[in-house]
Amino acid sequence: MTDLLFSCLLKDSPMCPITVNGVEHQVPARLSVAAALLYLGNLAIRKHPVSSEARAPFCYMGVCFECLVIIDGQHKQRACLREVMPHMCIETAMVGVNP
Ligand code: FES
């Protein structure tokens, strides 16, 4: 059962081109956007609207709303609920902070 869950992280799995904050990357296909951002080393992906503290995805199942990003111009998308698609354009609120 777990083999299927993690098969997208195998060495020869197909890759998917995405753009994060204007930078092109290749990530394993079939990852969620939140998992792809983590795969790329983005731990924090937004700032708290009041305190400006760095925030990161927490639940990875659509409950906490800590993973809000802009996907293809659509604001407030939960990154954990969207699968990466070829040439998807993702914007986080952490431009200039993450790689
Ligand atoms: S990580 Fe909790 S809603 Fe996306």
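**Exercise 1.** Does Asp72 count as buried, exposed or partly exposed, and how many C-beta neighbours lie inside 10 Å?

*Solution.* The model is predicted: local features need pLDDT of at least 70, side-chain atom pairs count only at pLDDT 80 or more, and totals for chains, interfaces and linings use all residues. Residues are numbered from 1 along each chain as its sequence is written.
Step 1: take the cut-offs, with C-beta atoms placed from the backbone: buried is 20 or more other C-beta atoms within 10 Å of the residue's own, exposed is 12 or fewer, and partly exposed is in between.
Step 2: Asp72 has 13 such neighbours inside 10 Å, so Asp72 is partly exposed.

**Exercise 2.** Place Asp72 and Arg30 among the elements, and give the phi of each.

*Solution.* Step 1: helices (H or I, at least four residues) and strands (E, at least two) are DSSP runs, numbered from the N terminus.
Step 2: Asp72 sits in the loop joining strand S5 (68–71) and strand S6 (74–78), and its phi is positive, about 50°, although Asp72 is not a glycine.
Step 3: Arg30 belongs to the loop between strand S2 (23–28) and helix H2 (33–39). Its phi is also positive, about 80°.
Step 4: for background, most residues other than glycine have a negative phi.
Step 5: Arg30 has 15 other C-beta atoms within 10 Å, so Arg30 is partly exposed.

**Exercise 3.** Describe the protein as a whole.

*Solution.* Step 1: the protein has two helices and seven strands, in the order α-β-β-α-β-β-β-β-β from the N terminus.
Step 2: 25% of its 99 residues count as buried.
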